[in-house]
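Got the viewer open and a selection box ready? Here's a walk through the inside of this model, one selection at a time.

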Amino acid sequence: MAWSAIAQSAEDAEVEWTATKKQDTIIINIYKSPPSRFVPTSLPDAPAPAVYAGDFNSHHTDWAYSSSNADGDFLAEWASTADATLLYDPKEPRTFYSACWNSTTNPDLAFAKCCNNEPLPVRRILDRFPRSHHRPSLITIPSLVQPVEGKDVKRWNFWKANWVGFTQQVNKAAAGLPHPRPTNLNNAYDSYCKMLLAAAKKNIPRGVRKAYVPCWDDECEDLLRAHTESQTSEDRDKAANDLICR
């Protein structure tokens, strides 16, 4: 998919940024050097959907610093005012390693603005690049519909069972079962269970569905495809509403 550059910061700006657009999403890459300071005009106002990502060099307890500084307070207030969500998972590794102090911090951040019904992007911290103290971030947009991860256990598919064949095999094998008596109840029960299991394995298919979506059908599949392939946020919102109301 093609992308295009749409804007950038002034040459003399302390906080540098570049904005690109891919389909309807605006991606703003930001760099703030440690000595520079945020001012109200430092960050551009982009409509949703948009992602702000880069090296912010700002301290705040919301992203695992022990204390907050003025730039961190500004950034947290900006996010609240701009309706931007911090993409931060405390379980992920920190993004910067200082060899001098032998410590890790989180100067690299990402914020997202989302339209209605759009899932929030997910940010994952990757391994360090060679000869770099920074870890790259991978930001992805999850699917509108999340499948249920099933256990790797085979299950009977009773909808596709051959009940006529199952009944005939059980009736035929039942004639050869040992007659249950007080002295052989366990053996008679084991034989009965083995007979049922043998008939089931022959006439009832089994399998594993690793990704299962309850009530999913062809119409849902078409709506999800329309949502994924839509070129505008209006079309994506319409397809998402139709799918949710389905």
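Start with the largest cavity, which holds about 60 Å³ of space. This is a predicted model, and a search of the whole structure turns up one cavity of 30 Å³ or more. To see the walls, select Leu87, Tyr88, Asp89, Glu92, Pro93, Thr95, Asn106, Arg123 and Ile125. Colour them by class and you get four nonpolar, two polar and three charged residues.

Keep Leu87 on screen, as it takes you to the next stop: Leu87 is among the residues that Phe111 touches. Now select Phe111 and show what surrounds it. Leaving aside residues up to four places away in sequence, its contacts are Ala50, Val51, Tyr52, Phe56, Trp63, Leu75, Trp78, Ala79, Ala84, Thr85, Leu86 and Leu87.

Zoom out to the largest nonpolar core, which has 20 residues. Which of them touch the most other members? Pick Ile28, Ile30, Tyr52, Phe56, Leu75, Trp78 and Phe111. For the backbone around them, show strand 2 (15-22), strand 3 (25-32), strand 4 (50-55), helix 1 (70-82) and strand 8 (108-113), the elements that each give two or more residues to this core. Apart from that core lies another, of seven residues; select Val170, Met195, Ala199 and Ala200, which are among them.

Next, switch on a surface and look for the largest pocket, with a volume of about 680 Å³. What sits closest to its centre? Out of 26 lining residues, those are Gln23, Thr25, Glu118, Ile141 and Arg236. Strand 3, strand 4, strand 10 (137-140) and helix 4 (218-229) each give two or more residues to the lining. Helix 4 supplies the largest share, three residues. By class, the pocket lining has 14 nonpolar, seven polar and five charged residues.

Last stop: select Cys114 and Cys115. Why is there no disulfide here? A bond needs the two sulfur atoms within 2.5 Å, but the sulfur of Cys114 is 7.6 Å from the closest cysteine sulfur, in Cys115, so they are too far apart for a bond. Run it from the other side and the sulfur of Cys115 likewise has its closest cysteine sulfur in Cys114, at 7.6 Å. The disulfide count therefore comes to zero under that cut-off. Colour by accessibility before you leave: Cys114 is partly exposed, with a relative accessible area of 30%, whereas Cys115 is buried, at 17%.

Note on methods: Residues are numbered from 1 along each chain as its sequence is written. This is a predicted model: local features need pLDDT of at least 70, side-chain atom pairs count only at pLDDT 80 or more; totals for chains, interfaces and linings use all residues. Side-chain values use heavy atoms; hydrogens and water are left out. A nonpolar core is a set of buried Ala, Val, Leu, Ile, Met, Phe, Trp, Tyr and Cys residues joined through side-chain atoms within 4.5 Å. Buried means under 20% relative accessible area, exposed over 50%, partly exposed in between (1.4 Å probe, protein chains only). Helices (H or I, at least four residues) and strands (E, at least two) are DSSP runs, numbered from the N terminus. Contact means heavy atoms within 4.5 Å. On a 1 Å grid over the protein atoms alone, a cavity is a set of points where a 1.4 Å probe fits but cannot get out, and a pocket is an open set with protein on both sides within 12 Å along at least five of seven lines; lining residues have an atom within 4 Å of a point. Grid points are joined across faces, edges and corners, and a volume is the space filled by probe spheres set on the points. Ala, Val, Leu, Ile, Met, Phe, Trp, Tyr, Cys and Pro count as nonpolar, Asp, Glu, Lys and Arg as charged, and the others, Gly among them, as polar.
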